[in-house]
Structure formats: C-alpha cells, structure tokens
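Here are my notes on this one, roughly in the order I'd look through it. Have the model open while you read.

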Amino acid sequence: MRIIAGIAKGRTLTAPKGQNTRPTLDYVRESLFNIIQRDVPDAVVLDLFAGSGALALEALSRGAAKAVLVDSSRQAIECIRRNVETLRFSDQVSVNPSDWRMALQRLSPAENRFDLVFLDPPYRLSIYQEIAGLLEQRHLLAQDALIVTEHHRDIPVELGQAFQLRDYRTYGDTVIHMHTFHKGGQADEQ
C-alpha cells in the first residue's frame, strides 16, 4: 500500500495485521481521488474508521489542510501513528483512539467543521444513517461537505434527507457512494 499522488507520492504505508481491517485497495483509492480531486485542497478531513489512515493521509498528500483519524483498534491506532510519522504529517493530524460514537460526541463543532468525511465501517455494519445523523446533529459538517462511504455491495446506504447522492462507483464487491451535505434539511433535487 502506498500514497498515490501529491507531496508524499510513492511513500509506503503499513496496514494493521489480521482480518479486522481491510484497507482500501490502491486502484480503488486512486479512482476515488480522481473523482473527488476538486474537494480535497484545503479540506478538513474526518476518517471515522481509519484503519491504516490511508484515505485521510492520501487527502493530506493531495493538499487537505488537516485530518482527524478515529479508530477503536489499538493495532490500527499504532499503525496510523507510524504512517503519520513516516509521512511527516504530525502537525496536520489528530489521532483519536476511540469508538466512533464517543469520538463524534467529543469533537467540538467550533474546532471541527469537516469538508470531507470517509466512512468505511466493518463491512457487515449498516450504521451509515446513524453516523450521518450524529454528524448533522453535532454540527460537525461544513455546508456542501462530501461524505464518502465504502461498503459491501449488499449493504444499503441511506444517510438522510440532508445528504444528496452525487456519484457512486462499484469495484467488484465494493461500492463507493459520494453524498453532498446540505444544511437545514432536504437536499435539492437534481
């Protein structure tokens, strides 16, 4: 696994051992970032089930301003910290060793208004609407924030009325959805 583009291009990342973390494959990450490239510069990023941190670190390499990486696995947190140090992104990254609910409750809306959010929970969990609802309730999303979900093709993704589907892609059994957040209610119909 490596950083695909930007200031850390070609640098190798480590991933936690075992079956609990499934890093986004390089070709899927490259395709995703080709699609969202205009959303990345200067973005404040949240990677809620960070694993190795590859998605948020790729965003930082491509010009994102800062990132908050959350994971409840001790192995994942150690791996994230190593990757952050290797890439020299320590001053742009906050690592939060926590359950996602606790992390969202602790984040201050005054200090954290996310422009780009990556949601890649364990494959069989269908908790996207719950997460999106808490992000909205806690006022943690900037207007027009982009929410990227990665999930198994058999898992439905519903985020709520304030989130408009912008694009989606399928890569084998993996599906990536991209939703745009619109404050104050229902997203405009296209």
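**Notes on the model**

1. Bear in mind that this is a predicted model. I'd begin just past helix H3, where Arg-88 adopts a positive phi of about 60 degrees. At the other end, where H3 starts, a side-chain oxygen of Ser-73 comes to within 3.3 Å of the backbone nitrogen of Gln-75.

2. The length of H3 checks out: 14 residues at 1.5 Å a residue should span 20 Å, and the end C-alpha atoms are indeed 20 Å apart.

3. H3 also has a clear inside. Its buried residues are Ala-76, Ile-77, Cys-79, Ile-80, Asn-83, Val-84 and Leu-87. Looking down the axis, you'll find the buried residues of H3 within an arc of 160 degrees, so they line one face of the helix. As a reminder, an α-helix has 3.6 residues a turn, so residues three or four places apart point the same way. The buried residues of H3 pack against H2, S2 and strand S3 (93-97), while Arg-74 and Glu-85 are exposed on the other side of H3.

4. Now the interior. The largest nonpolar core has 33 residues, and Leu-32, Ile-36, Val-45, Leu-57, Leu-116 and Phe-118 have the most contacts inside it. At least two residues of this core come from each of H1, H2 (54-61), S2 (66-71), H3 (74-87), S4, S5 (141-152) and S7 (174-181). Helix H2 gives the most, with six residues.

5. Ile-36 is a good place to centre your view: leaving aside residues up to four places away in sequence, Ile-36 touches Leu-116, Phe-118, Leu-146, Arg-166 and Met-178. Apart from the largest core lies another one, of 29 residues, including Val-44, Val-70, Leu-135 and Leu-159.

6. There are three aromatic pairs in the structure. In one of them, the ring centres of Tyr-27 and Tyr-171 are 6.1 Å apart with the planes at 80 degrees, so this pair is edge-to-face. Tyr-27 sits in helix H1 (residues 26-36) and Tyr-171 in strand S6 (residues 163-171), 144 residues apart. Tyr-27 is partly exposed at 47% relative accessible area, whereas Tyr-171 counts as buried at 14%.

7. Phe-33 and Phe-118 also pair up, this time tilted, at 6.0 Å centre to centre and 45 degrees between the planes. Phe-33 is in helix H1 and Phe-118 in strand S4 (residues 114-119), so the pair ties together parts 85 residues apart in sequence. Phe-33 is buried, at 0% relative accessibility, and Phe-118 is buried too, at 1%.

Terms used: Residues are numbered from 1 along each chain as its sequence is written. This is a predicted model: local features need pLDDT of at least 70, side-chain atom pairs count only at pLDDT 80 or more; totals for chains, interfaces and linings use all residues. Side-chain values use heavy atoms; hydrogens and water are left out. Rings of Phe, Tyr and Trp (its six-membered ring) pair if their centres lie within 6.5 Å; planes under 30 degrees apart count as stacked, over 60 as edge-to-face and the rest as tilted. Helices (H or I, at least four residues) and strands (E, at least two) are DSSP runs, numbered from the N terminus. Buried means under 20% relative accessible area, exposed over 50%, partly exposed in between (1.4 Å probe, protein chains only). A nonpolar core is a set of buried Ala, Val, Leu, Ile, Met, Phe, Trp, Tyr and Cys residues joined through side-chain atoms within 4.5 Å. Contact means heavy atoms within 4.5 Å. The expected span of a helix is 1.5 Å times one less than its number of residues. The arc is that of the directions from the helix axis to the C-beta atoms. A polar contact is a pair of N or O atoms within 3.5 Å; within protein, one must be able to donate a hydrogen and the other to accept it, and residues adjacent in sequence count only if both atoms are side-chain atoms.
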